[in-house]
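Subject: Structure for you to look over

Dear colleague,

I am handing over the structure we spoke about, and below it you will find notes on what turned up when I went through it. Please read them with the model open beside you.

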Amino acid sequence: MSAPTFCAYNLHDLRELARRRLPRGVFEFYDRGTEDEVALANNRAPFERIKLDPHLLVDVSRRSQSVTLFGERHQMPLAIAPTGSAGLGWYKGELALARAAAAAGVPFTLATGSMTPMEELAEQAGGTLWFQLYMWPDRALSHRLVERAQAAGFRALMVTIDSPVPPSREYNLHNGFTVPFCFTRRNVVDVLRHPRWLLGTLARYLVTSGMPRYENYPTEMKQRITALPMGRSMQLNDSLTWDDLRDLRRIWPHALIAKGVLSARDARLAADAGADGVVVSNHGGRVVDSTRAPIEVLPQVVDAVGHRVEVLVDSGFRRGADVVKALALGARAVLTGRPTLFGTAIGGEPGAARALTLFREEIERTLALIGCATIDQLGPQYLSLPPDIVPPARRRAPESMSV
Ligand SMILES: Cc1cc2nc3c(=O)[nH]c(=O)nc-3n(C[C@H](O)[C@H](O)[C@H](O)COP(=O)(O)O)c2cc1C
């Protein structure tokens, strides 16, 4: 039997389907940015200014998009970004998404703020699993979480370094959506208008494990968490420094990735602190509302540290051609956040698989159309760039450098 398409023929279709299935509070939490959403809109803008330059009459009959990330071979130059609360869109959504990632041959990153316990996910998902860490104010508790991730078999630790305090996302307050979920007059009406989500997701939690909550928090912390608007409920640490990354380097034996870098300076500091990789990211426009788009910063980061660490990028990637542009600018791979979340929210594992299939087919088609057979041949020669985006002077590091 062929895989379901959900009548979604691009990633925008998946978003629209998710908008219809999810209560407004959950959909907006997934979809929107921070404050006036300037960064969110700007993340897409550079993709329109970066053009592709096709090379014609090239034999592209043997195409490959497989890539080595931190020493492991994967089928696509993609990884699933950490998204806290993926389990709110679909019952055990993290598990569904992780299984789809394993089947597609891409790494899955479990967020600290996920609703599936990491041990359960590691047992049931398969594939390459990475763990995302938000450091809590109590560093010792965070280090214990890291030890749990290591014991459970996670292959990389992705430390998010762009969030010393919670961002301001006022729509969550308007919508009255909180974690743990609590009923208010406003969100009851919202939920009743979305019976498929009510019965298929919320009711299933209620009859099994109770209200969805942050399952990886230590028991003592879980009990202390009162309902807060989504996105505010994480307890963040505003005293972190590069020494904290160095401490994590000492206790974590596998790949260490710093997520949220937006300058060559910070990329160098991350590499100096022992990171094996950086993610150039503005959190999908969800943290600081006036940053440059990561794709604009990417070439500078590749120039600064691409010979020392693996450079990944995310925020705003909605087409295979966007991924091809980032690889041509020196990224090793792209993280996808919302597209695979929306896929999961409309159909669990097959829905997430649909998002990944769309990416794979579009990357494949774009490679053929620009006359490039394999992604390691991609470079600025396939791009026509606006004056403000200067391609990296250095090429990406050879794959043999991987840890
Ligand atoms: C609903 C949602 C939850 C997120 N939660 C986290 C998180 O817990 N930790 C983190 O580092 N990034 C988180 N992010 C950011 C993503 O990891 C990623 O940087 C971003 O989604 C990429 O942009 P894109 O959604 O346009 O692909 C979240 C993003 C979304 C949409």
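Leu 22 counts as buried, at 1% relative accessibility, and this in a model that, please keep in mind, is predicted. Leu 22 is found in the loop between α1 (11–21) and α2 (24–31), and, when residues up to four places away in sequence are not counted, Leu 22 touches Phe 27, Tyr 30, Gly 89, His 194, Trp 197 and Ala 345. As a marker of distance, the C-alpha atoms of Leu 22 and Ala 152, which are 130 residues apart along the chain, are separated by 32 Å.

Tyr 30, one of the residues that Leu 22 touches, leads on to the aromatic residues, of which the structure holds 8 pairs. The rings of Phe 29 and Tyr 30 have their centres 6.1 Å apart and their planes at 50 degrees, so this pair is tilted. Phe 29 is buried, with a relative accessible area of 6%, and Tyr 30 likewise counts as buried, at 3% relative accessibility. Another pair, formed by Phe 131 and Phe 154, is edge-to-face, with 5.8 Å from centre to centre and 75 degrees between the planes. This pair links distant parts of the chain, since Phe 131 belongs to strand β6 (residues 129–133) while Phe 154 lies in the loop between α6 (139–152) and β7 (156–160), 23 residues apart; both Phe 131 and Phe 154 are buried. Elsewhere, ring pairs link Trp 136, Tyr 214 and Tyr 217 into a cluster. Phe 29 also has a charged partner, in that the charged end of Arg 286 sits over the ring of Phe 29, 5.1 Å from its centre.

Turning to the nonpolar interior, the largest nonpolar core has 115 residues, and Leu 298 and Leu 378 are the ones that touch the most other members. Helix α15 (residues 338–370) gives the most to this core, with 12 residues.

Helix α5 (residues 118–125) deserves a separate note, with Met 118, Leu 121 and Ala 125 buried. These three cover an arc of only 60 degrees around the axis, which puts them on the same side of α5. Which elements do the buried residues of α5 pack against? They pack against α4 (93–104), β5 (108–110), β6 and α6. After α5 comes Gly 126, whose phi is positive, near 75 degrees.

In the loop between β5 and α5 lies Ser 114, which is buried, with a relative accessible area of 0%. The side chain of Ser 114 reaches the backbone oxygen of Thr 116 at 3.4 Å, and, leaving aside neighbours within four places in sequence, Ser 114 is in contact with Ser 85, Glu 94, Arg 213, Tyr 214, Glu 215 and Asn 216. Tyr 214 is thus named here as a contact of Ser 114 and above as a member of the ring cluster.

Finally, there are two backbone angles to check. Most residues other than glycine have a negative phi. Cys 7, however, has a positive phi, near 55 degrees; Cys 7 is found in the segment before α1 and is exposed, with a relative accessible area of 56%. Glu 37, in the loop between α2 and α3 (38–49), has a phi near 60 degrees, again a positive value in a residue other than glycine.

With best wishes

How values were computed
Residues are numbered from 1 along each chain as its sequence is written. This is a predicted model: local features need pLDDT of at least 70, side-chain atom pairs count only at pLDDT 80 or more; totals for chains, interfaces and linings use all residues. Side-chain values use heavy atoms; hydrogens and water are left out. A nonpolar core is a set of buried Ala, Val, Leu, Ile, Met, Phe, Trp, Tyr and Cys residues joined through side-chain atoms within 4.5 Å. Buried means under 20% relative accessible area, exposed over 50%, partly exposed in between (1.4 Å probe, protein chains only). Helices (H or I, at least four residues) and strands (E, at least two) are DSSP runs, numbered from the N terminus. Rings of Phe, Tyr and Trp (its six-membered ring) pair if their centres lie within 6.5 Å; planes under 30 degrees apart count as stacked, over 60 as edge-to-face and the rest as tilted. A charge sits over a ring if NZ of Lys or CZ of Arg is within 6 Å of the ring centre and within 35 degrees of the ring normal. The arc is that of the directions from the helix axis to the C-beta atoms. Contact means heavy atoms within 4.5 Å. A polar contact is a pair of N or O atoms within 3.5 Å; within protein, one must be able to donate a hydrogen and the other to accept it, and residues adjacent in sequence count only if both atoms are side-chain atoms.
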